[in-house]
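Biologist: I am new to this structure, and I would like to learn how to read it with some care. Could you take me through it?

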Amino acid sequence: MKHIRILPIIVFFIAVFASCSTDVDIYADYKDVAIIYGMLDYRLDTNYIKITRAYCGTNDDPIDANEVAMIYDSSNYPGKLDARIIELRSVHNGPYEPTGREFLLDTITKHNKEEGTFYSPDQLFYYTTEKFNTGTSNDRYKYRLVVVKPDGDTVTAQTSMVGNEEFRIVSSNANFQLTPSNAMEMIVFKADGMASLYDVKIQFNYSEQHTGQAVKWKNVSRSFGTKSINEYHRVEGSDNTYYLEYSVNWLFNALENAIGGDTVVDGNHPNVIRHIGSFVMSITAGGNDLYIYYSANQAQLNSPMSLVSVYSNIDGGYGLFSSRTTIEKTAKLSYYATRDIFSVTAWGFKEQ
């Protein structure tokens with residue numbers, strides 16, 4: 001784990017002193033530094049890891065970072081590195097030991113990156129199609145990334161796996177009402193013992209068909225924002241059950257904004273019929289290293305005059321190696337919510 005802190009005003013003093021003297025060395029001796037970003041997700045068929053290197057100029061040969069970023073060879077190591085992931089397991093809170101599973105990462109080039117700060121459209125990634133284990137309450141898994149650079153130096157990182165059987169959405173119903181109210185409802189979930197960061201989202205799906213046209217699926221959704229587990233309410237008497245609240249008026253306010261003045265019979269629109277689809281609750285959970293990384297970046301954004309803080313858990317390099325996953329549950333709309341949706345005749349919702 002590394003925390004690097006740089007006082008922003010130092011940059012100003014370097015610029016001032018460089019303009020007054022030719023003796024200032026603004027470039028340190030070049031050192032090969034690996035930059036690694038990987039976010040493992042056990043649900044995915046393929047997990048990708050970005051392994052690149054930092055680039056730097058010299059006093060005799062200064063560089064324009066923006067120009068160099070557009071050059072493929074400046075960011076990527078030549079050839080294919082020896083990069084592998086080693087599986088570790090802990091049973092009944094014992095030490096983490098290798099399970100014997102170890103798999104090499106292969107390389108793949110994606111060709112659809114849009115133009116931006118870095119080179120495009122081709123981007124090189126390391127990847128694996130191996131399945132990751134998430135464990136239970138009695139056993140846990142970690143995964144160690146090992147990368148050997150061309151100079152023989154080794155870069156390592158390690159992360160716990162998010163997504164064990166404890167992590168689930170408890171709530172099964174969604175209650176909303178059309179009449180304005182201050183009432184609140186709850187989404188209850190079991191936290192993941194390996195996760196520290198959560199983002200809860202709700203989404204109402206519905207179909208829409210204008211006369212003579214094909215059916216289109218639309219939705220209204222809300223994300224409650226990225227929060228640490230401590231920012232949720234813990235259910236009294238429980239160690240790992242939490243909840244958040246939402247307004248019972250949210251769905252109708254969202255549909256009003258989405259559908260607006262569209263009516264069943266309107267001279268400016270063809271007739272329209274809508275049908276209720278599903279109501280989905282989803283929660284994305286992230287590992288502790290992702291939480292620290294996110295918190296450091298948020299602190300920097302919220303306090304631009306404070307010390308710049310960069311978090312990295314890459315041993316021998318910089319970047320982030322962590323895990324995350326998303327779970328979903330289709331909830332049943334309450335009878336009153338369904339009744340109220342049908343009651344707004346201008347929206348054209350019909351029973352199927």
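Modeller: What follows deals with confidence, then one helix, then a pocket. This is a predicted model, in which local features need pLDDT of at least 70 and side-chain atom pairs count only at pLDDT 80 or more, while totals for chains, interfaces and linings use all residues. Residues are numbered from 1 along each chain as its sequence is written, and side-chain values use heavy atoms, with hydrogens and water left out.

Biologist: Which elements have the lowest and the highest mean pLDDT?

Modeller: pLDDT is the predictor's confidence in each residue, from 0 to 100. Among the elements, which are DSSP runs (helices H or I, at least four residues; strands E, at least two) numbered from the N terminus, helix α1 (residues 8-20) has the lowest mean, 33, and strand β12 (residues 184-190) the highest, 97. For the chain the mean is 83, and 78% of its residues reach 70 or more.

Biologist: Which residues of helix α6 are buried, and which are exposed?

Modeller: Buried means under 20% relative accessible area, exposed over 50%, and partly exposed in between (1.4 Å probe, protein chains only). In α6 (residues 335-343), Ala337, Asp340 and Ile341 are buried. Seen down the axis, they fall within an arc of 105 degrees (taken from the directions from the helix axis to the C-beta atoms), so they line one face of the helix. The face turned away from that buried side carries the exposed Tyr335 and Tyr336.

Biologist: How is empty space found?

Modeller: Rolling a probe the size of a water molecule over the atoms shows where empty space is left. A pocket, on a 1 Å grid over the protein atoms alone, is an open set of points where a 1.4 Å probe fits, with protein on both sides within 12 Å along at least five of seven lines, and lining residues have an atom within 4 Å of a point. Here the largest pocket has a volume of about 250 Å³, the volume being the space filled by probe spheres set on the points, which are joined across faces, edges and corners. Of its 15 lining residues, the closest to the centre are Gln158, Thr159, Asp289, Tyr311 and Asn313.
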